[in-house]
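Hi,

Here is the structure I promised to pass on. Have a look at it first, and my notes on what turned up in it follow below.

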Amino acid sequence: ATALAGLAVQRCAVVAAVAGGQGLGDCVPARPVPILFLYGAADAVVPSDMVREGVAWWVQRNACDAGHADDAGCTRWTGCTASVAACEGPQGHRWPADATTRITAFFRQHTR
């Protein structure tokens, strides 16, 4: 799965992970890639700690500075070579009600 994810990162302009996400080990994207994580604290399939490890991988890979919570319940990092945002909701392993809206807005902000 990590190799496939690494390949996808090479081909994608922007990424959104819903109810999942992990660090990609030694993968080195050819360029910085903006990523949005949407996940739930009650997810019994993909624990939020696993997603947070993935978020930390992207924060490091995209050379981000400090993270700041916003009014939408997301943490966004500053000083990144490409945006990293993580939105943790109360849901379990499911598509959040506002996921499509958030993803669409994020993709529109990060066209290539």
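**Salt bridges**

At 35% relative accessibility, Arg52 counts as partly exposed, and that residue is a good place to start. Before going on, please keep in mind that this is a predicted model.

How many salt bridges does the structure hold? The total is four, and Arg52 takes part in a network of them together with Asp49 and Glu88. On one side, Asp49 pairs with Arg52, with the closest N and O atoms 2.6 Å apart. Both of these residues, Asp49 and Arg52, sit in helix 2, three residues apart, which is about one turn of the helix. On the other side, Glu88 forms a salt bridge with Arg52, and here the closest N and O atoms are 3.0 Å apart. This second pair links distant parts of the chain, since Glu88 is in strand 5 and Arg52 in helix 2, 36 residues apart. Glu88 has a relative accessibility of 31%, so by the 20% and 50% cut-offs it counts as partly exposed.

Another of the salt bridges joins the side chains of Asp98 and Arg102, at 2.7 Å from N to O. Asp98 is partly exposed, its relative accessible area being 34%. Arg102 is partly exposed too, at 23% relative accessibility.

**Disulfides**

Next, the cysteines. There are two disulfides in the structure. Counting bonded cysteines along the chain, they follow the pattern 1-3, 2-4.

Cys64 and Cys80 make one of them, with 2.0 Å between the sulfur atoms. This pair ties together distant parts of the chain: Cys64 is in the loop between helix 2 (48-61) and strand 3 (67-69), while Cys80 is in the loop between strand 4 (74-77) and strand 5 (84-89), 16 residues apart. The angle about the S-S bond is 120 degrees, and the link of Cys64 and Cys80 is right-handed.

Is each end of that link buried or partly exposed? Cys64 has a relative accessible area of 14%, so it falls under the 20% cut-off and is buried. Cys80 comes out at 21%, so it is partly exposed.

The other disulfide is formed by Cys74 and Cys87, whose sulfur atoms are 1.9 Å apart. Distant parts of the chain are linked here as well, with Cys74 in strand 4 and Cys87 in strand 5, 13 residues apart. The Cys74 and Cys87 link is right-handed, with 105 degrees about the S-S bond. Both Cys74 and Cys87 are buried.

**Aromatic rings**

What does a search of the whole structure find in the way of aromatic pairs? There is one, made by Trp57 and Trp58: the ring centres are 4.9 Å apart and the planes stand at 75 degrees, so the pair is edge-to-face. For that label the planes have to be over 60 degrees apart. Trp57 is buried, with a relative accessible area of 11%. Trp58 is buried as well, at 3% relative accessibility.

**Two buried polar residues**

Two more residues that you may want to look at on screen are Asp43 and His110.

Asp43 is located in the loop between strand 2 (35-40) and helix 2. Which side chain of opposite charge is nearest to Asp43? That is Arg94, 9.6 Å away, and Asp43 is buried yet has no salt bridge. What Asp43 does have is a polar contact, side chain to side chain, with His93 at 2.8 Å. Setting aside neighbours within four places in sequence, the contacts of Asp43 are Ala19, Gln91, Gly92 and His93.

His110 is found in the segment after helix 3 (99-109). With a relative accessible area of 15%, His110 is buried. The side chain of His110 makes a polar contact with the side chain of Ser83, at 2.9 Å. Ser83 also appears among the contacts of His110 once neighbours within four places in sequence are left aside, along with Val14 and Pro34.

That's what I have for now.

Cheers

Methods. Residues numbered from 1 in each chain as written. Predicted model: local features only at pLDDT ≥ 70, side-chain atom pairs only at ≥ 80, totals over all residues. Heavy atoms only, no water. Disulfide = S-S within 2.5 Å. Helix = DSSP H or I, 4+ residues; strand = E, 2+ residues; numbered from the N terminus. Buried < 20%, exposed > 50% of the residue type's maximum accessible area, 1.4 Å probe, protein only. Phe/Tyr/Trp six-rings, centres within 6.5 Å; stacked < 30°, edge-to-face > 60°. Lys, Arg positive; Asp, Glu negative; His and termini not counted. Polar contact = N/O pair within 3.5 Å; in protein donor to acceptor, adjacent residues only side chain to side chain. Contact = heavy atoms within 4.5 Å.
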